[in-house]
Amino acid sequence: MLRKNWQNREKLQAQATRQGFGEGLLAAAKLDPNIVALCADLTGSLNMTDFQAAFPDRFFQVGVAEQNMAGVGAGLALSGKTVFISSFAAFNPGRNWEQIRVSIGYNNANVKVIGSHAGLSVGEDGATHQALEDLATMRVIPNMSVISPADGLEAKKATLAIARKKGPFYLRLCRAKTPLFTSPEAKFVIGQAQVLQPGRDLTLIATGPLVYEALAASLALAKLGLKAGVINLHTVKPIDQQAIVKAAKATGAIVTIEDHQAYGGLGSAVAEVLVKHCPVPQEFVAVKDTFGESGQPAELFHKYGLDAKHIFTAVKRVLKRK
Amino acid sequence: MLNKQKENQLKIQANIIRQDIIKMITAAGSGHPGGSLGMTDILTALYFGVLKHNPKKPLWPERDRLILSNGHIVPVRYAAMARAGYFPVQRLKTLRKFGSPLQGHPSLHDFPAMECSSGPLGQGISVAVGMALAAKLNKKSYRVYCLMGDGEINEGQCWEAYLLAAKYKLNNLTVILDRNNIQIDGRSDEVMPLNPLAAKYRAFNFKVMTVNGHNFSEILKALQAAGWERSKPTVIIARTIPGKGVTYMENDYQWHGNAPKPEQAKEALDQLNKELLTLQHVAKKLAK
Ligand SMILES: Cc1ncc(C[n+]2csc(CCOP(=O)(O)OP(=O)(O)O)c2C)c(N)n1
């Protein structure tokens with residue numbers, strides 16, 4: 001599931017997950033003439049210009065109007081189209097949550113909500129633009145599935161997969177270029193977590209580009225004689241209960257890692273599973289009930305507790321609780 | 001175009017629907033009579049004179065789409081649909097009851113013929129725009145009708161949707177605005193003044209018509225004229241009287257969302273029945 005040279009960060013190519021989305025959308029649209037896409041004045045940022053150029057009649061520029069976009073998307077979907085609506089995650093689904101809840105969720109409309117520039121990794125734009133709540137607000141909507149790909153390639157595969165699967169989806173994308181570490185052969189199956197490596201002492205469960213940081217942490221831990229399992233939980237909903245319980249049983253300790261608020265996101269979703277089926281100690285590497293600020297992603301990850309050092313501390317804490 | 005006989009028939013149909021509304025909302029113990037009674041003539045005109053539809057095949061692909069963006073007035077739509085033959089009239093009394101498809105606000109999940117779930121104001125118009133856009137893409141000739149309240153258009157989302165409708169020249173979209181000048185907290189002119197309203201829509205590149213929402217000949221003429229428009233979406237500003245047909249409810253915003261008590265319902269039904277007798281008398285005379 002990993003590229004051969006995944007351990008060598010410097011040697012890996014870098015690509016933002018939003019770029020993978022752009023490629024995936026174009027590929028999906030070539031396969032399926034029924035696909036249409038809407039964007040709210042961020043076509044370049046969402047890497048949709050190739051789609052727009054290839055299919056001008058299937059692209060709708062809705063202007064800076066995310067609430068309307070959600071409804072128009074629903075109307076197109078209820079008329080048989082497969083619809084992608086896209087903007088920054090801070091506004092889609094940040095601004096238009098209730099429209100997504102009713103027009104898309106309640107109608108069970110075949111609309112894919114694409115939120116890019118999610119998380120602290122947006123960086124310099126600062127707190128207003130750093131969506132840190134979107135996993136939480138999307139996963140609580142019935143009918144909605146939630147996907148957060150780990151690298152550009154996985155984002156492309158995820159885009160193709162959700163294009164094929166009827167129903168509402170939220171796809172969480174990031175602005176920053178991050179290592180391309182998943183292998184081209186790796187299968188992407190909605191709802192199926194990827195066990196990137198099995199563990200013995202604990203399991204790191206991550207989502208989005210931070211999956212790579214989980215892998216990197218596992219290398220450092222191996223040097224200390226600790227065998228950490230790593231799971232890529234690209235589908236936050238429907239959650240892969242089986243994979244989580246299996247890891248909890250095998251390793252007895254879990255650390256979740258996400259570029260999102262600790263409340264309501266991946267960590268909470270995993271905890272919901274553990275508490276019911278296999279209660280083991282869990283630690284959360286996530287943003288702790290605070291807003292972000294401007295800075296480079298690495299600076300922010302450091303300050304807000306998402307970098308290697310913090311993963312390491314969380315591991316120490318969780319092992320003590322075993 | 002509209003002869004006296006046909007007009008009288010529509011009036012009778014509307015009267016029956018108004019009686020249904022009073023009975024349904026009274027039985028439910030909650031609901032929105034003001035807008036429902038005020039829009040009865042429009043929905044009667046639509047279901048019994050304008051819409052391309054098939055009550056026996058509600059999801060016929062070529063049907064006109066009707067989106068009730070002001071979803072709270074759904075009792076009038078349920079009653080009109082029952083009378084048009086979509087489902088048995090007896091089912092109307094299950095409005096808002098546990099297990100009924102006649103949910104308090106339109107639910108696509110429970111009742112697919114609703115076209116889309118609505119109630120949270122401002123959303124239906126966006127869905128309608130999406131459907132009109134899809135009709136263009138798919139080269140379908142059906143029209144999309146979207147009913148909205150004048151309080152509803154306080155919502156910014158509506159104006160986003162109007163911009164997009166004009167941008168894509170959705171001449172297959174007809175918005176019918178219930179200009180009844182009430183909303184929950186009071187008179188619309190006081191809660192949030194909208195005038196000059198026609199000018200606003202014109203500025204948004206809509207074709208604008210204003211009608212008396214209780215005059216069938218004006219309503220039908222405007223609905224038909226919308227179909228001739230080549231490059232713009234249409235809005236029909238329908239001046240209506242909220243609570244129309246029940247004197248004590250008329251023009252009183254308190255009746256936006258209150259159910260009548262049984263004795264109030266009786267008074268309302270007595271008045272409507274009297275009117276019905278007169279209309280039936282007229283019908284007999286016209287038949288001669
Ligand atoms: C987004 C949203 N906010 C508030 C409400 C509550 N609400 C229901 S009806 C209404 C007033 C609507 O006024 P209008 O559209 O003029 O309807 P009318 O009173 O004429 O029936 C309000 C505020 C709602 N349904 N949706």
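Mentor: Let's start with a term: a polar contact is a pair of N or O atoms within 3.5 Å. And keep in mind that this model is predicted.

Trainee: Okay, how far is the side chain of His256(B) from an oxygen atom of the ligand?

Mentor: Look for an N or O atom in that side chain, paired with a ligand oxygen. Such a pair counts as a polar contact if the atoms are within 3.5 Å. For His256(B), the distance is 2.6 Å.

Trainee: How much of the ligand does the protein bury?

Mentor: Picture the ligand taken alone, when it exposes 590 Å². Then put the protein back and see what share of that gets buried: 76%.

Trainee: Which residue offers a backbone N or O atom to an oxygen atom of the ligand, at 2.9 Å?

Mentor: Asn180(B) isn't the one here, since its polar side-chain atom lies 2.6 Å from a ligand oxygen. The backbone atom at 2.9 Å belongs to Glu152(B).

Trainee: And what about the shell around the ligand: how many of its residues are charged?

Mentor: There are 16 residues around the ligand, with His72(B), Asp150(B) and Gly151(B) among those that come nearest. Five of the shell residues are nonpolar and eight are polar. The charged ones number three.

Trainee: Moving to the strands, which residue of strand 5 of chain B is the bridge partner of Leu177(B)?

Mentor: Strand 3 (residues 173–179) of chain B runs parallel to strand 5 of chain B, joined by six bridges. Strand 4 (residues 207–212) of chain B also pairs with strand 5 in the parallel sense, over six bridges, and there Thr210(B) has Ile237(B) as its partner. For Leu177(B), the partner is Ile237(B).

Trainee: Which helix goes with strands 4 and 5 of chain B in a β-α-β unit?

Mentor: Strand 5 covers residues 234–239, and five of its six residues are buried. The unit is right-handed, and the helix in it, residues 216–226 of chain B, is helix 9.

Trainee: Is helix 3 of chain B largely enclosed or open?

Mentor: Count its buried residues, which include Thr40(B), Leu43(B) and Tyr47(B). Eight of the 11 residues are buried, so helix 3 (residues 40–50) is largely enclosed.

Trainee: Last one: is Gly34(B) buried or exposed?

Mentor: Gly34(B) sits in helix 2 (residues 33–38) of chain B. Buried means under 20% relative accessible area. The relative accessible area of Gly34(B) is 1%, so this residue is buried.

Notes
Residues are numbered from 1 along each chain as its sequence is written. Chains are lettered from A and ligands numbered from 1 in the order in which they are written. This is a predicted model: local features need pLDDT of at least 70, side-chain atom pairs count only at pLDDT 80 or more; totals for chains, interfaces and linings use all residues. Side-chain values use heavy atoms; hydrogens and water are left out. Buried means under 20% relative accessible area, exposed over 50%, partly exposed in between (1.4 Å probe, protein chains only). Helices (H or I, at least four residues) and strands (E, at least two) are DSSP runs, numbered from the N terminus. Two strands pair if DSSP finds at least two bridges between them. A crossover is right-handed if, with the strands pointing away from the viewer, the path from the first strand over the helix to the second runs clockwise. A residue is near a molecule or strand if one of its heavy atoms lies within 4 Å of it. A polar contact is a pair of N or O atoms within 3.5 Å; within protein, one must be able to donate a hydrogen and the other to accept it, and residues adjacent in sequence count only if both atoms are side-chain atoms. Accessible areas come from the Shrake-Rupley method with a 1.4 Å probe; for residues, only the protein chains shown count as cover. Ala, Val, Leu, Ile, Met, Phe, Trp, Tyr, Cys and Pro count as nonpolar, Asp, Glu, Lys and Arg as charged, and the others, Gly among them, as polar.
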